[in-house]
Amino acid sequence: MAEGVIDLKKQLRDLKAHEHLAGFTGFRLDLGLGDAPKEGVLKIAEFVRPDASGYLTLTFQTDPDPEPDRRAALAGLFDRFGRFAQAADAVTGAKRFGQGFEYIMIASQGLADGDPWFVVDMDFYYKNLAGRLRPLIEDAVLPGLAGVMPVTFEPVNWWD
């Protein structure tokens with residue numbers, strides 16, 4: 001890599017290296033095309049700071065699909081959620097994603113031709129996260145996502 005060039009993907013990987021992997025679940029997205037839903041895997045991780053605040057990272061991963069209409073629909077679905085996430089503040093977000101919610105940050109690695117995976121990271125920031133991971137995910141975050149995206153989730157497989 002050329003001197004002075006910043007590798008943003010490497011920096012993101014370095015930042016994410018300190019997260020605690022908590023579990024996985026399968027998901028199905030209705031792309032709105034009248035055909036089979038798009039299936040994938042959702043990774044759940046958390047990072048708790050010494051003051052008990054922190055964030056949950058949900059990583060959606062699926063194959064990018066060879067059909068152009070399905071690829072465009074998949075990217076469009078996450079683009080629409082990104083606009084919703086930008087508008088979610090502490091008050092409106094807490095109603096959907098649980099008490100202590102602050103904001104959502106989305107990092108998509110994009111969808112370029114030839115990519116083997118379509119990956120989107122969503123970071124949900126909370127004022128008080130310590131000890132709340134499972135109830136937040138099961139009772140607020142996943143149902144909250146299903147309320148604003150055409151997604152269904154399988155039961156979470158938690159890591160001990």
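Start with threonine 57: its bridge partner in strand E5 is aspartate 123. That pairing belongs to a longer run, since 9 bridges join E3 to E5 (residues 118-126) and the two strands run antiparallel. Glutamine 61 is another residue to look at here, with valine 119 as its bridge partner in E5. Keep in mind as you click around that this is a predicted model.

Stay with E5 for a moment. How many of its 9 residues are buried? The count is 9 of 9, so the strand is mostly covered, taking buried to mean under 20% relative accessible area. In a regular strand, side chains alternate between the two faces of the sheet. In E5, Phe118, Val120, Met122, Phe124 and Tyr126 point one way, while Val119, Asp121, Asp123 and Tyr125 point the other way. Both sets are buried. So aspartate 123, the partner of threonine 57, is on the side with Val119, Asp121 and Tyr125, and is buried along with them.

E5 also pairs with strand E4 (residues 101-108), through 7 bridges and again in an antiparallel arrangement. One pair to pick out is isoleucine 106 with methionine 122 in E5. Methionine 122 is in the set that holds Phe118, Val120, Phe124 and Tyr126.

Now go back to E3, which spans residues 54-62 and is mostly covered as well, with 8 of its 9 residues buried. Besides E5, strand E3 pairs with E2 (residues 38-48): 8 bridges join them, and they run antiparallel. Phenylalanine 47 has tyrosine 55 as its bridge partner in E3. E2 and E3 form a hairpin with 5 residues between them, and in that turn alanine 52 has a positive phi of about 80°.

From E2, you can follow the charged side chains. A search of the whole structure finds 5 salt bridges, and lysine 38 is a good place to begin. The side chains of lysine 38 and aspartate 63 meet in a salt bridge, at 2.9 Å from N to O. This pair links distant parts of the chain: lysine 38 sits in strand E2 and aspartate 63 in the loop between E3 and H2, 25 residues apart. The two ends differ in cover. Lysine 38 has a relative accessible area of 4%, so it is buried, while aspartate 63, at 35%, is partly exposed.

Lysine 38 has a salt bridge with aspartate 65 too, at 3.1 Å from N to O. Because lysine 38 is in strand E2 and aspartate 65 is in the loop between E3 and H2, this pair ties together parts that are 27 residues apart in sequence. Here both partners, lysine 38 and aspartate 65, are buried. Salt bridges with shared partners join Asp35, Lys38, Asp63, Asp65 and Arg70 into one network.

What about aspartate 35 and arginine 70? Their side chains meet in a salt bridge of 2.9 Å, N to O. This is another link between distant parts of the chain, with aspartate 35 in the loop between strand E1 (20-29) and E2, arginine 70 in helix H2, and 35 residues separating them. Aspartate 35 counts as partly exposed because its relative accessibility is 37%; arginine 70, at 8%, counts as buried.

Next along helix H2 (residues 68-87) comes arginine 71. Is arginine 71 buried or exposed? It counts as buried, because its relative accessibility is 15%. Its side chain reaches the backbone oxygen of aspartate 65 at 3.4 Å. Aspartate 65 is the residue whose side chain meets lysine 38 in a salt bridge.

Further on is helix H4 (residues 133-148), which bends by about 30° at valine 141. A proline, proline 143, follows within four residues of that bend. The buried residues of H4 are Leu133, Leu136, Ile137, Ala140, Val141, Leu142, Gly144 and Leu145. An α-helix has 3.6 residues a turn, so residues three or four places apart point the same way. You can trace that kind of spacing from Leu133 through Leu136 or Ile137 to Ala140.

Finally, zoom out. The secondary structure comes to 4 helices and 7 strands, following the pattern α-β-β-β-α-α-β-β-α-β-β along the sequence. Of the chain's 160 residues, 42% count as buried. Among contacts between residues at least 6 apart in sequence, 64% join residues at least 24 apart. The accessible surface comes to about 9,000 Å², and 54% of this belongs to carbon and sulfur atoms.

Terms used
Residues are numbered from 1 along each chain as its sequence is written. This is a predicted model: local features need pLDDT of at least 70, side-chain atom pairs count only at pLDDT 80 or more; totals for chains, interfaces and linings use all residues. Side-chain values use heavy atoms; hydrogens and water are left out. Buried means under 20% relative accessible area, exposed over 50%, partly exposed in between (1.4 Å probe, protein chains only). A polar contact is a pair of N or O atoms within 3.5 Å; within protein, one must be able to donate a hydrogen and the other to accept it, and residues adjacent in sequence count only if both atoms are side-chain atoms. The bend at a residue is the angle between axes fitted to the seven residues ending there and the seven starting there. Two strands pair if DSSP finds at least two bridges between them. A salt bridge is a side-chain nitrogen of Lys or Arg within 4 Å of a carboxyl oxygen of Asp or Glu. Contact means heavy atoms within 4.5 Å. Accessible areas come from the Shrake-Rupley method with a 1.4 Å probe; for residues, only the protein chains shown count as cover.
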